[in-house]
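Here are my notes on the model you sent over. Have it open in a viewer while you read, and shout if anything looks off.

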Amino acid sequence: MLHKIINLTVRDVRFPTSVEQHGSDAMHTDPDYSAAYVVLDTDRGLRGFGLTFTLGKGTEIVVCAVEALAALVVGKSLQEIVSDFRGFYRLLTSDGQMRWLGPEKGVTHLATAAVLNAVWDLWARSEGKPLWKLLVDMDPEQIVSCIDFRYITDVLTEKEAVDILVKAQEGKQQREDQMQKEGYPAYTTSCAWLGYPDQQLKQLCTDALKSGWTKFKVKVGADLEDDIRRCRLIRQMIGPNNTLMIDANQRWDVAEAISWVSRLSEFKPLWIEEPTSPDDILGHAAISKALAPLGIGVATGEQCHNRVMFKQFLQASALQFVQIDSCRLGSVNENLAVLLMAHKFQVPVCPHAGGVGLCELVQHLILFDYICVSASLDSRMCEYVDHLHKHFTSPVVIQDAHYMPPKDPGYSCEMLEASVQKHQYPEGDVWKLHMNK
Ligand SMILES: [Mg+2]
(Lines give C-alpha, C1' and ligand atoms only; values in the text may rest on other atoms or scores of the structure.)
Protein backbone atom coordinates (compact mmCIF):
# COMPACT_ATOMS: atom_id res chain seq x y z
CA MET A 1 0.00 0.00 0.00
CA LEU A 2 1.36 3.40 -0.97
CA HIS A 3 1.50 6.13 1.64
CA LYS A 4 1.84 9.46 -0.10
CA ILE A 5 3.08 12.27 2.14
CA ILE A 6 0.67 15.15 1.65
CA ASN A 7 1.65 17.53 4.42
CA LEU A 8 4.46 18.39 6.85
CA THR A 9 3.88 20.48 9.95
CA VAL A 10 6.58 21.60 12.35
CA ARG A 11 6.07 23.20 15.75
CA ASP A 12 8.28 24.90 18.33
CA VAL A 13 7.70 23.07 21.64
CA ARG A 14 9.51 24.21 24.79
CA PHE A 15 9.51 22.98 28.38
CA PRO A 16 10.57 25.43 31.13
CA THR A 17 13.10 23.02 32.70
CA SER A 18 15.46 25.87 33.65
CA VAL A 19 13.12 26.84 36.49
CA GLU A 20 14.30 23.84 38.52
CA GLN A 21 17.82 23.63 37.06
CA HIS A 22 17.17 20.29 35.36
CA GLY A 23 19.79 19.75 32.68
CA SER A 24 22.18 22.38 34.04
CA ASP A 25 25.88 21.85 33.33
CA ALA A 26 29.11 23.86 33.12
CA MET A 27 28.19 25.43 29.77
CA HIS A 28 24.40 25.23 29.62
CA THR A 29 23.37 26.76 32.90
CA ASP A 30 19.67 27.25 32.21
CA PRO A 31 18.37 25.00 29.43
CA ASP A 32 14.69 24.89 28.56
CA TYR A 33 14.47 21.45 26.97
CA SER A 34 12.77 21.95 23.62
CA ALA A 35 12.11 20.38 20.27
CA ALA A 36 11.29 21.17 16.69
CA TYR A 37 8.44 18.69 16.38
CA VAL A 38 7.51 17.37 12.96
CA VAL A 39 4.37 15.56 11.83
CA LEU A 40 4.01 14.00 8.39
CA ASP A 41 0.49 13.37 7.12
CA THR A 42 -0.21 10.80 4.42
CA ASP A 43 -3.15 10.35 2.07
CA ARG A 44 -4.07 7.07 3.81
CA GLY A 45 -4.27 8.68 7.23
CA LEU A 46 -1.10 7.13 8.64
CA ARG A 47 1.12 9.75 10.29
CA GLY A 48 4.84 9.95 11.06
CA PHE A 49 6.25 11.86 14.06
CA GLY A 50 9.79 13.16 14.43
CA LEU A 51 11.76 15.69 16.39
CA THR A 52 15.12 17.24 17.00
CA PHE A 53 16.26 18.46 20.37
CA THR A 54 17.17 22.06 21.30
CA LEU A 55 17.69 24.09 24.47
CA GLY A 56 15.04 26.77 24.06
CA LYS A 57 16.11 29.94 22.28
CA GLY A 58 16.75 29.37 18.59
CA THR A 59 14.25 26.55 18.19
CA GLU A 60 12.42 28.88 15.83
CA ILE A 61 15.49 28.81 13.54
CA VAL A 62 15.40 25.01 13.38
CA VAL A 63 11.66 25.21 12.65
CA CYS A 64 12.47 27.55 9.77
CA ALA A 65 15.09 25.10 8.42
CA VAL A 66 12.60 22.22 8.58
CA GLU A 67 10.15 24.33 6.58
CA ALA A 68 12.87 24.89 3.99
CA LEU A 69 13.26 21.11 3.61
CA ALA A 70 9.53 20.38 3.47
CA ALA A 71 9.26 20.73 -0.30
CA LEU A 72 11.73 17.85 -0.71
CA VAL A 73 9.46 15.52 1.28
CA VAL A 74 5.86 16.50 0.57
CA GLY A 75 4.49 14.81 -2.54
CA LYS A 76 6.70 11.72 -2.21
CA SER A 77 5.40 8.35 -1.15
CA LEU A 78 6.96 6.48 1.74
CA GLN A 79 7.74 3.60 -0.64
CA GLU A 80 9.50 5.94 -3.06
CA ILE A 81 11.67 7.24 -0.21
CA VAL A 82 12.61 3.95 1.42
CA SER A 83 13.25 2.10 -1.85
CA ASP A 84 16.18 4.50 -2.33
CA PHE A 85 16.75 5.79 1.20
CA ARG A 86 20.42 6.57 0.50
CA GLY A 87 19.32 8.75 -2.42
CA PHE A 88 16.71 10.50 -0.29
CA TYR A 89 19.24 11.18 2.48
CA ARG A 90 21.53 12.67 -0.17
CA LEU A 91 18.66 14.77 -1.53
CA LEU A 92 18.02 16.34 1.89
CA THR A 93 21.68 16.86 2.81
CA SER A 94 23.13 17.81 -0.57
CA ASP A 95 20.64 20.15 -2.16
CA GLY A 96 22.77 22.33 -4.40
CA GLN A 97 21.73 25.54 -2.67
CA MET A 98 20.74 24.49 0.86
CA ARG A 99 23.99 22.61 1.49
CA TRP A 100 25.82 25.91 1.75
CA LEU A 101 24.20 26.31 5.17
CA GLY A 102 25.82 23.06 6.38
CA PRO A 103 26.81 20.83 4.83
CA GLU A 104 25.64 18.14 7.26
CA LYS A 105 26.16 20.22 10.38
CA GLY A 106 24.49 22.83 12.54
CA VAL A 107 20.90 23.95 12.22
CA THR A 108 20.27 22.37 8.81
CA HIS A 109 21.46 19.00 10.04
CA LEU A 110 19.27 19.21 13.15
CA ALA A 111 16.38 19.95 10.79
CA THR A 112 17.37 16.99 8.59
CA ALA A 113 17.31 14.77 11.67
CA ALA A 114 13.81 15.94 12.62
CA VAL A 115 12.45 15.25 9.14
CA LEU A 116 14.18 11.89 8.69
CA ASN A 117 13.20 10.77 12.20
CA ALA A 118 9.59 11.35 11.14
CA VAL A 119 10.12 9.34 7.96
CA TRP A 120 11.61 6.42 9.92
CA ASP A 121 8.71 6.62 12.38
CA LEU A 122 6.27 6.50 9.47
CA TRP A 123 8.08 3.52 7.96
CA ALA A 124 8.07 1.56 11.22
CA ARG A 125 4.37 2.33 11.77
CA SER A 126 3.51 1.24 8.23
CA GLU A 127 5.16 -2.12 9.02
CA GLY A 128 3.44 -2.31 12.43
CA LYS A 129 6.79 -2.62 14.25
CA PRO A 130 8.82 -0.61 16.72
CA LEU A 131 11.75 0.93 14.87
CA TRP A 132 14.39 -1.31 16.48
CA LYS A 133 12.50 -4.38 15.28
CA LEU A 134 12.11 -2.96 11.77
CA LEU A 135 15.91 -2.62 11.67
CA VAL A 136 16.58 -6.02 13.25
CA ASP A 137 14.36 -7.72 10.65
CA MET A 138 16.03 -6.06 7.64
CA ASP A 139 18.66 -8.03 5.77
CA PRO A 140 22.20 -6.66 5.73
CA GLU A 141 21.97 -5.34 2.16
CA GLN A 142 18.83 -3.39 2.95
CA ILE A 143 20.39 -1.83 6.07
CA VAL A 144 23.43 -0.80 4.10
CA SER A 145 21.26 0.67 1.32
CA CYS A 146 20.08 3.33 3.82
CA ILE A 147 23.61 4.63 4.47
CA ASP A 148 25.39 7.38 2.55
CA PHE A 149 28.99 6.15 2.37
CA ARG A 150 30.28 9.38 0.85
CA TYR A 151 33.43 10.53 2.69
CA ILE A 152 33.83 7.37 4.78
CA THR A 153 34.87 4.68 2.29
CA ASP A 154 38.52 5.10 3.31
CA VAL A 155 37.49 3.57 6.62
CA LEU A 156 34.34 1.59 5.86
CA THR A 157 33.23 0.31 2.46
CA GLU A 158 29.78 -0.92 1.65
CA LYS A 159 31.13 -4.46 1.40
CA GLU A 160 32.79 -4.27 4.83
CA ALA A 161 29.54 -2.99 6.30
CA VAL A 162 27.62 -5.93 4.82
CA ASP A 163 30.28 -8.34 6.12
CA ILE A 164 29.98 -6.94 9.68
CA LEU A 165 26.19 -7.35 9.58
CA VAL A 166 26.36 -10.85 8.05
CA LYS A 167 28.81 -11.96 10.72
CA ALA A 168 26.54 -10.68 13.47
CA GLN A 169 23.62 -12.74 12.19
CA GLU A 170 24.99 -15.54 14.34
CA GLY A 171 23.32 -15.46 17.74
CA LYS A 172 20.99 -12.66 16.69
CA GLN A 173 17.82 -14.40 17.85
CA GLN A 174 19.29 -15.18 21.28
CA ARG A 175 20.33 -11.55 21.72
CA GLU A 176 16.87 -10.34 20.73
CA ASP A 177 15.31 -12.75 23.26
CA GLN A 178 17.78 -11.61 25.90
CA MET A 179 16.88 -7.94 25.30
CA GLN A 180 13.16 -8.73 25.53
CA LYS A 181 13.81 -10.38 28.88
CA GLU A 182 16.49 -8.20 30.48
CA GLY A 183 16.54 -4.94 28.53
CA TYR A 184 19.59 -2.82 27.68
CA PRO A 185 21.81 -1.55 30.54
CA ALA A 186 21.44 2.14 31.38
CA TYR A 187 23.14 4.76 33.54
CA THR A 188 21.59 7.81 35.15
CA THR A 189 22.49 11.48 34.81
CA SER A 190 19.45 12.71 36.75
CA CYS A 191 21.10 12.76 40.20
CA ALA A 192 23.83 15.32 39.72
CA TRP A 193 23.01 18.26 37.49
CA LEU A 194 25.40 21.11 38.22
CA GLY A 195 22.72 23.41 39.61
CA TYR A 196 21.47 20.92 42.21
CA PRO A 197 22.40 21.61 45.85
CA ASP A 198 24.25 18.82 47.73
CA GLN A 199 21.17 17.83 49.74
CA GLN A 200 19.14 17.24 46.57
CA LEU A 201 22.02 15.33 45.03
CA LYS A 202 22.22 13.07 48.09
CA GLN A 203 18.49 12.42 48.11
CA LEU A 204 18.37 11.62 44.39
CA CYS A 205 21.38 9.34 44.72
CA THR A 206 19.78 7.46 47.63
CA ASP A 207 16.57 7.02 45.64
CA ALA A 208 18.46 5.87 42.54
CA LEU A 209 20.46 3.28 44.48
CA LYS A 210 17.20 1.95 45.91
CA SER A 211 15.77 1.62 42.39
CA GLY A 212 18.73 -0.50 41.28
CA TRP A 213 20.95 2.05 39.52
CA THR A 214 24.66 1.17 39.55
CA LYS A 215 26.12 3.72 37.12
CA PHE A 216 26.06 7.45 37.74
CA LYS A 217 27.20 10.56 35.89
CA VAL A 218 28.17 13.83 37.54
CA LYS A 219 28.44 17.23 35.87
CA VAL A 220 31.78 18.94 36.47
CA GLY A 221 33.90 21.75 35.09
CA ALA A 222 32.75 25.02 36.65
CA ASP A 223 34.78 25.00 39.89
CA LEU A 224 37.44 22.45 40.83
CA GLU A 225 36.90 22.52 44.61
CA ASP A 226 33.19 22.13 44.02
CA ASP A 227 33.82 19.16 41.72
CA ILE A 228 36.07 17.48 44.29
CA ARG A 229 33.39 17.87 46.95
CA ARG A 230 30.57 16.61 44.71
CA CYS A 231 32.55 13.67 43.30
CA ARG A 232 33.65 12.66 46.81
CA LEU A 233 30.05 12.82 48.00
CA ILE A 234 28.76 10.68 45.12
CA ARG A 235 31.62 8.18 45.35
CA GLN A 236 30.98 7.78 49.08
CA MET A 237 27.31 7.21 48.44
CA ILE A 238 27.65 4.72 45.57
CA GLY A 239 30.64 2.85 46.99
CA PRO A 240 33.81 1.67 45.23
CA ASN A 241 32.21 -0.92 42.94
CA ASN A 242 29.55 1.13 41.20
CA THR A 243 30.48 3.16 38.14
CA LEU A 244 31.07 6.92 38.08
CA MET A 245 31.39 9.08 34.97
CA ILE A 246 32.09 12.82 34.77
CA ASP A 247 30.94 15.30 32.13
CA ALA A 248 32.45 18.75 31.52
CA ASN A 249 30.26 19.75 28.56
CA GLN A 250 33.17 21.34 26.61
CA ARG A 251 34.34 23.61 29.39
CA TRP A 252 38.14 23.36 29.19
CA ASP A 253 41.15 23.92 26.97
CA VAL A 254 43.26 20.81 26.39
CA ALA A 255 45.94 21.29 29.06
CA GLU A 256 43.36 22.44 31.59
CA ALA A 257 41.27 19.33 30.89
CA ILE A 258 44.22 17.07 31.57
CA SER A 259 45.20 18.73 34.85
CA TRP A 260 41.60 19.13 36.10
CA VAL A 261 40.66 15.50 35.39
CA SER A 262 43.93 14.30 36.91
CA ARG A 263 42.85 16.00 40.13
CA LEU A 264 39.56 14.08 40.00
CA SER A 265 41.19 10.73 39.19
CA GLU A 266 41.09 9.64 42.86
CA PHE A 267 37.33 9.20 42.44
CA LYS A 268 37.97 6.66 39.66
CA PRO A 269 35.75 7.98 36.89
CA LEU A 270 35.33 5.61 33.95
CA TRP A 271 35.29 8.50 31.51
CA ILE A 272 35.52 12.23 31.13
CA GLU A 273 32.86 13.38 28.70
CA GLU A 274 33.25 16.36 26.36
CA PRO A 275 36.39 17.73 28.03
CA THR A 276 36.94 20.41 25.37
CA SER A 277 35.55 21.79 22.09
CA PRO A 278 33.47 19.11 20.37
CA ASP A 279 35.28 19.94 17.10
CA ASP A 280 38.80 19.46 18.45
CA ILE A 281 39.67 15.93 17.34
CA LEU A 282 43.40 16.21 17.97
CA GLY A 283 42.75 17.88 21.33
CA HIS A 284 40.63 14.89 22.33
CA ALA A 285 43.43 12.60 21.15
CA ALA A 286 45.95 14.43 23.36
CA ILE A 287 43.60 14.22 26.35
CA SER A 288 42.96 10.51 25.70
CA LYS A 289 46.67 9.82 25.61
CA ALA A 290 47.39 11.78 28.79
CA LEU A 291 44.56 10.21 30.79
CA ALA A 292 45.05 6.60 29.64
CA PRO A 293 47.62 5.84 32.37
CA LEU A 294 45.04 6.98 34.96
CA GLY A 295 42.52 4.50 33.56
CA ILE A 296 40.18 7.29 32.44
CA GLY A 297 38.71 7.22 28.93
CA VAL A 298 37.35 10.09 26.85
CA ALA A 299 33.71 10.05 25.73
CA THR A 300 32.18 12.42 23.22
CA GLY A 301 29.64 12.71 20.41
CA GLU A 302 26.48 14.52 21.49
CA GLN A 303 27.66 17.55 19.53
CA CYS A 304 29.71 15.72 16.90
CA HIS A 305 28.41 17.06 13.60
CA ASN A 306 28.40 14.04 11.37
CA ARG A 307 29.83 10.64 10.36
CA VAL A 308 32.96 12.28 8.91
CA MET A 309 33.96 13.72 12.27
CA PHE A 310 33.21 10.42 14.02
CA LYS A 311 35.44 8.75 11.44
CA GLN A 312 38.31 11.06 12.34
CA PHE A 313 37.76 10.71 16.11
CA LEU A 314 38.07 6.95 15.61
CA GLN A 315 41.05 7.19 13.27
CA ALA A 316 42.88 9.44 15.72
CA SER A 317 42.10 7.26 18.80
CA ALA A 318 40.58 10.46 20.19
CA LEU A 319 37.72 8.78 22.05
CA GLN A 320 37.23 5.54 23.93
CA PHE A 321 33.41 5.76 24.07
CA VAL A 322 31.27 6.79 21.08
CA GLN A 323 28.22 8.81 22.10
CA ILE A 324 25.78 8.81 19.22
CA ASP A 325 22.82 11.16 19.32
CA SER A 326 19.51 10.43 17.63
CA CYS A 327 18.80 14.07 16.80
CA ARG A 328 22.26 15.55 16.07
CA LEU A 329 23.30 13.19 13.28
CA GLY A 330 21.19 12.69 10.16
CA SER A 331 18.74 10.32 11.83
CA VAL A 332 18.94 6.52 11.70
CA ASN A 333 20.71 6.60 8.32
CA GLU A 334 23.82 8.37 9.56
CA ASN A 335 23.79 6.68 12.98
CA LEU A 336 23.95 3.30 11.24
CA ALA A 337 27.19 4.41 9.59
CA VAL A 338 28.66 5.44 12.95
CA LEU A 339 27.61 2.19 14.69
CA LEU A 340 29.36 0.20 11.96
CA MET A 341 32.53 2.32 12.04
CA ALA A 342 32.68 2.09 15.85
CA HIS A 343 32.41 -1.68 15.55
CA LYS A 344 35.24 -1.77 13.05
CA PHE A 345 37.46 0.15 15.48
CA GLN A 346 36.15 -1.93 18.40
CA VAL A 347 35.13 1.17 20.33
CA PRO A 348 31.98 0.77 22.46
CA VAL A 349 28.94 2.91 21.71
CA CYS A 350 27.27 4.50 24.77
CA PRO A 351 24.53 6.78 23.40
CA HIS A 352 23.76 10.28 24.56
CA ALA A 353 20.19 10.68 25.79
CA GLY A 354 18.07 12.87 28.03
CA GLY A 355 16.77 16.22 26.88
CA VAL A 356 13.27 15.76 25.56
CA GLY A 357 12.66 12.57 23.59
CA LEU A 358 16.31 11.55 23.24
CA CYS A 359 15.85 8.51 25.50
CA GLU A 360 12.71 7.54 23.60
CA LEU A 361 14.54 7.59 20.28
CA VAL A 362 18.07 6.37 20.91
CA GLN A 363 17.00 3.22 22.78
CA HIS A 364 15.94 1.82 19.38
CA LEU A 365 19.41 2.38 17.91
CA ILE A 366 21.34 0.83 20.77
CA LEU A 367 19.08 -2.24 20.78
CA PHE A 368 19.85 -2.65 17.09
CA ASP A 369 23.56 -2.16 17.80
CA TYR A 370 23.62 -4.99 20.33
CA ILE A 371 21.43 -7.40 18.39
CA CYS A 372 22.86 -6.83 14.90
CA VAL A 373 26.27 -5.13 15.11
CA SER A 374 28.36 -5.24 18.29
CA ALA A 375 26.93 -8.42 19.87
CA SER A 376 28.56 -7.24 23.09
CA LEU A 377 27.56 -5.44 26.29
CA ASP A 378 31.16 -4.97 27.48
CA SER A 379 31.71 -1.35 28.63
CA ARG A 380 28.37 -0.45 27.07
CA MET A 381 25.40 1.40 28.53
CA CYS A 382 22.87 3.96 27.41
CA GLU A 383 22.32 7.28 29.15
CA TYR A 384 19.04 7.82 30.97
CA VAL A 385 17.56 11.03 32.30
CA ASP A 386 14.30 11.05 34.17
CA HIS A 387 12.56 14.11 32.74
CA LEU A 388 9.59 14.80 30.44
CA HIS A 389 8.73 11.22 29.48
CA LYS A 390 5.11 11.77 30.44
CA HIS A 391 4.61 13.95 27.37
CA PHE A 392 5.06 11.01 24.98
CA THR A 393 2.43 8.52 23.84
CA SER A 394 4.95 5.64 24.18
CA PRO A 395 7.34 6.70 26.95
CA VAL A 396 10.47 4.70 27.74
CA VAL A 397 10.11 1.77 30.12
CA ILE A 398 12.98 1.35 32.59
CA GLN A 399 13.17 -1.79 34.70
CA ASP A 400 15.95 -2.37 37.17
CA ALA A 401 18.15 0.24 35.41
CA HIS A 402 17.59 -1.28 31.96
CA TYR A 403 15.75 0.04 28.91
CA MET A 404 13.00 -2.45 28.04
CA PRO A 405 12.48 -2.76 24.26
CA PRO A 406 9.60 -0.60 23.02
CA LYS A 407 6.57 -2.53 21.80
CA ASP A 408 4.48 0.11 20.03
CA PRO A 409 4.94 0.61 16.28
CA GLY A 410 7.15 3.55 15.31
CA TYR A 411 10.16 5.45 16.66
CA SER A 412 8.53 6.52 19.99
CA CYS A 413 8.59 10.21 18.95
CA GLU A 414 4.90 11.01 19.19
CA MET A 415 4.00 13.54 21.87
CA LEU A 416 0.61 13.89 23.47
CA GLU A 417 -1.24 16.56 21.49
CA ALA A 418 -2.37 18.25 24.72
CA SER A 419 1.29 18.56 25.83
CA VAL A 420 2.32 19.99 22.47
CA GLN A 421 -0.41 22.61 22.54
CA LYS A 422 0.29 23.56 26.14
CA HIS A 423 4.05 23.95 25.55
CA GLN A 424 4.02 25.44 22.08
CA TYR A 425 6.16 28.56 22.01
CA PRO A 426 5.16 31.33 22.56
CA GLU A 427 1.40 30.80 22.38
CA GLY A 428 0.97 27.76 24.67
CA ASP A 429 -0.55 28.22 28.12
CA VAL A 430 2.72 27.35 29.89
CA TRP A 431 4.54 30.20 28.15
CA LYS A 432 1.72 32.70 28.44
CA LEU A 433 1.84 32.10 32.20
CA HIS A 434 5.61 32.29 32.29
CA MET A 435 5.77 35.58 30.44
CA ASN A 436 3.15 37.18 32.64
CA LYS A 437 5.20 36.47 35.76
MG1 LIG B 1 26.95 15.08 28.06
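1. How much helix and how much strand does the chain have over residues 198-294? Helix makes up 51% of that stretch and strand 13%, with the end C-alpha atoms 27 Å apart. I picked residues 198-294 since an unreviewed UniProt entry puts the "domain: Mandelate racemase/muconate lactonizing enzyme C-terminal" feature there. Bear in mind that this is a predicted model.

2. Now the whole protein. You'll find 17 helices and 12 strands in it. The C-alpha trace spans about 60 × 60 × 45 Å along the principal axes. A compact globule with 437 residues would have a radius of gyration near 22 Å, so the protein's 21 Å agrees with that.

3. On packing, 52% of the 437 residues count as buried. Of the contacts with a separation of 6 or more, 75% are between residues 24 or more positions apart.

4. Have a look at the open sheet of 3 strands, ordered β1-β2-β3 with antiparallel pairing. β1 (5-14) and β3 (47-54) are at the edges with a single partner strand each, so each has one side without a neighbour in the sheet. From one strand to the next, the twist averages 15°.

5. Zooming in, β2 (residues 34-42) pairs with β3 in the antiparallel sense over 8 bridges. Leu40 has Gly48 in β3 as its bridge partner.

6. Two helices to check against this sheet. Helix α1 (residues 59-70) packs on it and touches β1, β2 and β3, its direction making about 175° with that of β1. Helix α4 (residues 106-126) also packs on the sheet, touching β2 and β3, and its direction makes about 150° with that of β3.

Conventions: Residues numbered from 1 in each chain as written. Predicted model: local features only at pLDDT ≥ 70, side-chain atom pairs only at ≥ 80, totals over all residues. UniProt positions renumbered as here; feature names shortened; annotations may be inferred. Helix = DSSP H or I, 4+ residues; strand = E, 2+ residues; numbered from the N terminus. Rg over C-alpha atoms; globule rule 2.2 N^0.38 Å. Buried ≥ 20, exposed ≤ 12 C-beta atoms within 10 Å, placed from the backbone. Contact = placed C-beta atoms within 7 Å. Pairing = 2+ DSSP bridges. Axes fitted to C-alpha atoms, helices over the stretch in contact; angles between N-to-C directions.
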